[in-house]
Structure formats: C-alpha cells, structure tokens
Amino acid sequence: MDKRAERSVIGETMIIYREMTVADVPAVHAIEAEVFPSPWTMDSFYHEMTTNTQATYVVAVDGTEQIIGFCGMWIVLDESQITNVAVTASARGLGIGEGLMREAIRIARERAVVVMSLEVRVTNTVAQNLYRKLGFQDGGIRKGYYTDNQEDALVMWVNL
C-alpha cells in the first residue's frame, strides 16, 4: 500500500492527505455518521480496511492531527468506483472534498485505472459541481437509489 502523503495549506492550516489505516476507522465512522442519513457501520469500515482487497480510502488530517474528511473507492482491474466522500461540517467549504478527490484520482492513476465513476444525489449540486470541475461527466440516473428517501442518483464518470 502506498503510504505517501500529499499536503496542502488551507488558510493557516496544513492539511495532509494520506491513505486510511485501521486505526482511523473510529474517526472516519464518526464523520460518516455525522454526514449521511444512512451511515455505514463501523464494522463495514473495518471490513473495508482488513478484508476488501479492492478498497482504498484516503483521509484528510488537519494541523491538530484530527481526521476531517475521507474518500473511499474500490479499484477493480482498471476501473474505480468512489464509494463515499465526506467532510466534517466544521471543515466544509475549505476545499477538503476537492483535495480528497484529487488524491483518490492520483492513487487511481498510479494503479493504472482508466475510468472512475460515482453516484451522487440529484439534489446535491455542490458535489456535482465539484465532480464536474474534476472532469466528471453525467452518465445516467439510478432511480430510487438512496434507501433513506428513495432519491435518484446521478451517475458520473471520468476517463483518467
């Protein structure tokens, strides 16, 4: 596993983007529970870190060494599927989500991935705009995709 860490400065704060470890699971799960109406369980994240050989996760760590965001993806052969992206409420609007996605894309390219996809709520225009900024294009609609309210998902793709 690549242990390289990317750094960026936001305001006065150094942000480090690095691959997630098992020790990060409780902090990542706390963000997941804060952000999503139907969060993954902590056991799901432990499974991703210990059993799922296709899973790769990136975390954003602030100057106090707190995890403030994460991005997960599954890499299968030459394709990557983003599973979840979340940033804690206190760090939103600072470019953390973009940094996480850029690091996920960097890792995917390093691993010879040629296409990346994701689903995003049709009402989440902020995330859609970020993904478009990174080159993602609309690919279709998954009707009733989200189980909490049966909202549709927009499928987005980018060729790497």
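1. UniProt positions are given here in the numbering used for this chain, feature names are shortened, and annotations may be inferred rather than shown by experiment. With that understood, the UniProt record, an unreviewed entry, places the feature "domain: N-acetyltransferase" at residues 15-160. The coordinates themselves belong to a predicted model. Over residues 15-160 the chain is 30% helix and 35% strand. The C-alpha atoms at the two ends of that stretch are 25 Å apart.

2. The pairing of helix α1 with helix α2 deserves attention. Helix α1 covers residues 25-35 and helix α2 covers residues 42-50; their axes come within 9 Å and cross at roughly 130 degrees. That angle makes α1 oblique to α2, because an angle has to be over 145 degrees to count as roughly antiparallel, and 65 to 115 degrees to count as roughly perpendicular. The crossing of α1 past α2 is right-handed.

3. Which residues of α1 and α2 meet? From α1 the participants are Val-25, Pro-26, Val-28, His-29 and Glu-32, and from α2 they are Met-42, Phe-45, Tyr-46 and Met-49. By class, this contact has seven nonpolar residues, one polar residue and one charged residue.

4. Met-49, a residue of helix α2, can be followed beyond that helix pair. With neighbours within four places in sequence left aside, Met-49 is in contact with Met-20, Thr-21, Val-22, Val-25 and Tyr-57. Val-25 in this list is also one of the α1 residues named for the helix contact. Between Met-49 and Leu-77, which are 28 residues apart in sequence, the C-alpha to C-alpha distance is 19 Å.

5. A second helix pair is formed by α3 (residues 96-110) and α4 (residues 125-133), whose axes come within 11 Å and cross at roughly 45 degrees. This makes α3 oblique to α4, since an angle would have to be under 35 degrees to count as roughly parallel. Here too the crossing is described as right-handed, with α3 passing α4.

6. The residues that meet in this second pair are Gly-97, Glu-98, Met-101 and Arg-102 in α3, and Leu-130, Tyr-131 and Lys-133 in α4. They divide into three nonpolar, one polar and three charged residues.

7. The loop between β4 (67-76) and β5 (79-87) contains Leu-77. Its backbone merits a check: phi of Leu-77 is near 55 degrees, a positive value in a residue other than glycine. Is Leu-77 buried or exposed? At 78% relative accessibility, Leu-77 counts as exposed, because the exposed class begins over 50%.

8. Glu-79 lies in strand β5. Its relative accessibility of 43% places Glu-79 in the partly exposed class. Leaving aside residues within four places in sequence, Glu-79 is in contact with Trp-74, Val-113 and Val-115. Glu-79 and Met-116 are 37 residues apart along the sequence, whereas their C-alpha atoms are 5.9 Å apart in space.

9. Two residues of the loop between β7 and β8 should be examined. Gln-150, in that loop, has a positive phi of about 60 degrees although it is not a glycine. Glu-151 is found in the loop between β7 (137-142) and β8 (153-159). Glu-151 is buried, with a relative accessible area of 13%, because the buried class covers values under 20%. Once neighbours within four places in sequence are set aside, the contacts of Glu-151 are Arg-121, Val-122, Thr-123, Gly-144, Tyr-145 and Tyr-146.

10. Val-155 has its place in strand β8 and is buried, with a relative accessible area of 7%. Not counting residues up to four places away in sequence, Val-155 touches Leu-118, Glu-119, Gln-137, Asp-138, Gly-139, Gly-140 and Arg-142. The C-alpha atoms of Val-155 and Gly-140 are separated by 5.2 Å, with their positions 15 residues apart along the chain counted as sequence separation.

11. Gly-139, in strand β7, gives the matching view from the other strand. Its contacts, leaving aside neighbours within four places in sequence, are Val-155, Met-156 and Trp-157. Gly-139 and Glu-119 are 20 residues apart in sequence, and their C-alpha atoms are 9.6 Å apart in space.

Technical notes
Residues are numbered from 1 along each chain as its sequence is written. This is a predicted model: local features need pLDDT of at least 70, side-chain atom pairs count only at pLDDT 80 or more; totals for chains, interfaces and linings use all residues. Side-chain values use heavy atoms; hydrogens and water are left out. Axes are lines fitted to C-alpha atoms, for helices over the stretch in contact, and angles run from 0 to 180 degrees between N-to-C directions. Helices (H or I, at least four residues) and strands (E, at least two) are DSSP runs, numbered from the N terminus. A crossing is left-handed if the near helix is turned anticlockwise from the far one by less than a right angle, and right-handed if clockwise. Contact means heavy atoms within 4.5 Å. Ala, Val, Leu, Ile, Met, Phe, Trp, Tyr, Cys and Pro count as nonpolar, Asp, Glu, Lys and Arg as charged, and the others, Gly among them, as polar. Buried means under 20% relative accessible area, exposed over 50%, partly exposed in between (1.4 Å probe, protein chains only).
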